[in-house]
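I opened the file to see how the two chains sit against each other. My entries follow in the order in which I looked things up.

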2 protein chains.
Amino acid sequence: MNTPASRRTFFQRSALVTGGFLLPDEKAQPTPPNETIKTIRSLRSTHGNFLDKPLPEAALETILQSSLRAANASNNQSYSIVVIKSRQMMKSVCGYQGGCVLLYCADYTRIKACAETMGYSYDPKTIVDFVTASTNTALAAQTAVIAARSLGIDSLLTNGIHRGDMDRLWKLLDLPQTHCFPIIALVLGYPTEEPNHLKGRLDGPGIIHSEKYHALTKEEVGEIILKYDDKDSRLALNDDWRAKYKHYLDWFFGDWMGLRSKPADQETQMLRLLKRSRFVEPPQV
Amino acid sequence: MNTPASRRTFFQRSALVTGGFLLPDEKAQPTPPNETIKTIRSLRSTHGNFLDKPLPEAALETILQSSLRAANASNNQSYSIVVIKSRQMMKSVCGYQGGCVLLYCADYTRIKACAETMGYSYDPKTIVDFVTASTNTALAAQTAVIAARSLGIDSLLTNGIHRGDMDRLWKLLDLPQTHCFPIIALVLGYPTEEPNHLKGRLDGPGIIHSEKYHALTKEEVGEIILKYDDKDSRLALNDDWRAKYKHYLDWFFGDWMGLRSKPADQETQMLRLLKRSRFVEPPQV
């Protein structure tokens with residue numbers, strides 16, 4: 001299956017919607033990119049190697065202002081952003097340290113307080129409320145990422161906050177016990193070194209669907225597995241797997257994801273805390 | 001409380017982190033904005049009034065490519081994007097029509113198919129998996145919004161997909177029954193008319209927290225309620241409330257949110273479908 005000819009067919013098919021993203025030499029970009037598109041194309045995550053250097057206040061202000069410009073359901077801004085500049089606190093909260101950390105939380109506390117002050121009974125406690133608020137929250141976070149990158153500030157979006165004892169977040173940051181839930185931490189700062197390449201992305205079958213969902217064929221699944229092995233695709237998190245495995249996804253599923261030895265208590269913890277946060281409704285009786 | 005003096009104090013306090021976002025004349029922007037920041041500052045939602053005009057293919061390609069550049073956990077791209085160009089389908093899916101609709105779904109189907117083909121047992125069925133994937137999905141969606149705006153294409157992010165009979169999405173679009181869940185629909189297109197102003201955002205206490213979460217005082221809650229009433233804040237969804245109510249939030253909570261007459265079955269529907277999607281784990285026994 002892994003012949004140049006069949007791979008080429010697959011790449012062409014996989015690039016049917018996008019402009020040959022993974023094979024830029026095969027298809028020219030449709031129009032010259034503007035500055036915003038260039039910024040977006042240059043996005044990369046910095047994993048841990050941030051300088052111990054705070055952000056300029058003016059940059060942080062611009063990033064926060066930008067973040068708030070993201071759309072949000074009914075303009076009720078069902079989120080909170082905790083700005084953390086203490087390096088010890090950054091580490092305790094998300095496991096990383098940078099110029100600063102923005103902790104993005106789905107949060108109805110403020111809205112509920114307004115409602116109750118005005119005599120309305122408002123209890124946004126269902127999974128619908130959670131999905132709405134967590135989506136609003138992530139939209140705001142990504143807007144901050146792009147704004148930061150345009151200012152020469154790199155980032156790491158990490159769900160490190162969901163690892164370990166999650167309740168530490170409530171204790172460390174005085175988060176409200178109900179109607180507030182941490183979604184993602186955004187570490188901002190300056191990397192100690194430039195990455196030597198941008199990660200690639202899958203962009204064909206299984207990612208982009210035209211008009212209706214296309215269920216992958218066995219052949220397409222096989223081709224995706226091979227695509228991860230292709231150095232030019234840049235899809236892999238590292239290159240170390242080559243010494244040990246036939247396929248990158250063997251390393252990914254076996255070593256990285258730890259399948260077959262996955263602990264179960266982490267999952268239960270999040271559901272328990274979402275229940276305490278009142279976002280998951282009790283079973284119907 | 002609503003005297004110019006106390007309001008000014010509040011606005012100054014509320015602008016402690018940001019650059020006086022809601023009162024641009026009170027505090028100069030710290031640095032001249034670059035093109036990306038300008039794009040982000042110009043973001044606005046188009047509510048329904050899109051022209052019946054398709055997007056240029058090149059623009060759609062650029063938007064999709066950009067969307068994929070968002071960071072995602074372990075580069076496993078746990079999402080799918082269904083590109084809908086049929087106007088009838090757009091309407092049925094999310095209640096709106098534009099140049100096209102991108103339906104963003106949290107989706108492990110592709111990754112699970114790869115794992116199973118390779119002999120790994122992978123069942124991303126917990127709320128942790130759901131929150132991780134739905135966050136990745138929203139990050140990608142917001143990147144598309146910003147890319148589109150830079151190309152002169154407006155948008156509406158809508159959770160209209162979560163209203164009515166949600167199961168229609170699975171039926172209309174052949175979505176997989178498990179491990180796939182629609183998070184947000186992005187309508188892209190050209191508005192019939194320019195909005196006469198951008199919506200404002202709260203940016204002070206209750207939104208931005210410094211180092212730790214700041215629980216709102218009663219006074220701050222009162223000031224936020226008044227802030228929504230201030231025409232200059234542009235926080236309100238409309239101005240019609242002034243004829244009927246003392247406060248905007250009376251219209252918002254009473255008429256818009258329909259508090260006191262909220263139907264309960266919608267919430268139960270999402271939890272039921274999330275369970276069917278295997279994202280919410282069964283109760284511990």
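Which of the residues of chain B comes closest to the rotation axis? I looked it up on the model, which is predicted, and found Thr36(B), with its C-alpha at 2.3 Å from the axis.

**Entry: symmetry.** I then checked the axis itself. A turn of 180 degrees with a shift of 0.0 Å along the axis lays chain B on chain A, and the RMSD is 0.0 Å. I noted this as the relation of a two-fold axis.

**Entry: chain A.** I took stock of one chain before going to the interface. Chain A has 11 helices and five strands. It is 285 residues long, and 49% of these residues count as buried. I also looked at how far apart in sequence the contacts of chain A reach. Among those with a separation of 6 or more, 75% are between residues 24 or more positions apart.

**Entry: interface.** I counted 104 residues of chain B in contact with 104 residues of chain A. On the chain B side, helix 6 (residues 127-150) gives the largest share, 13 residues. I sorted this side of chain B by residue type and got 54 nonpolar, 34 polar and 16 charged. I wanted to know whether the copies use matching or unlike surfaces. Of the interface residues of chain B, 100% are also interface residues in chain A, so the copies meet through the same surface.

**Entry: strands across the chains.** I looked for strand pairing between the chains. Strand 1 of chain A (residues 79-84) pairs with strand 5 of chain B (residues 208-210) in the parallel sense, over three bridges. I noted Val82(A) opposite His209(B), a residue of strand 5 of chain B.

**Entry: helix 4 of chain B.** Which residues of helix 4 of chain B are buried? I found Met90(B), Val93(B) and Cys94(B), in a helix that runs over residues 87-94. They lie on the same side of helix 4 of chain B, because they cover an arc of only 75 degrees around the axis. This fits the general rule that an α-helix has 3.6 residues a turn, so residues three or four places apart point the same way.

I next asked what covers these buried residues. The cover includes strand 1 (79-84), strand 2 (100-107), strand 3 (154-158) and strand 4 (180-189) of chain B, along with helix 7 (167-173) of chain B. Last, I checked the backbone just after helix 4 of chain B, where Gly95(B) has a positive phi of about 90 degrees.

How values were computed:
Residues numbered from 1 in each chain as written. Chains lettered and ligands numbered in written order. Predicted model: local features only at pLDDT ≥ 70, side-chain atom pairs only at ≥ 80, totals over all residues. Helix = DSSP H or I, 4+ residues; strand = E, 2+ residues; numbered from the N terminus. Buried ≥ 20, exposed ≤ 12 C-beta atoms within 10 Å, placed from the backbone. Contact = placed C-beta atoms within 7 Å. Nonpolar A, V, L, I, M, F, W, Y, C, P; charged D, E, K, R; others polar. Pairing = 2+ DSSP bridges. Arc of directions from axis to C-beta. Least-squares fit on C-alpha atoms with pLDDT ≥ 70 in both.
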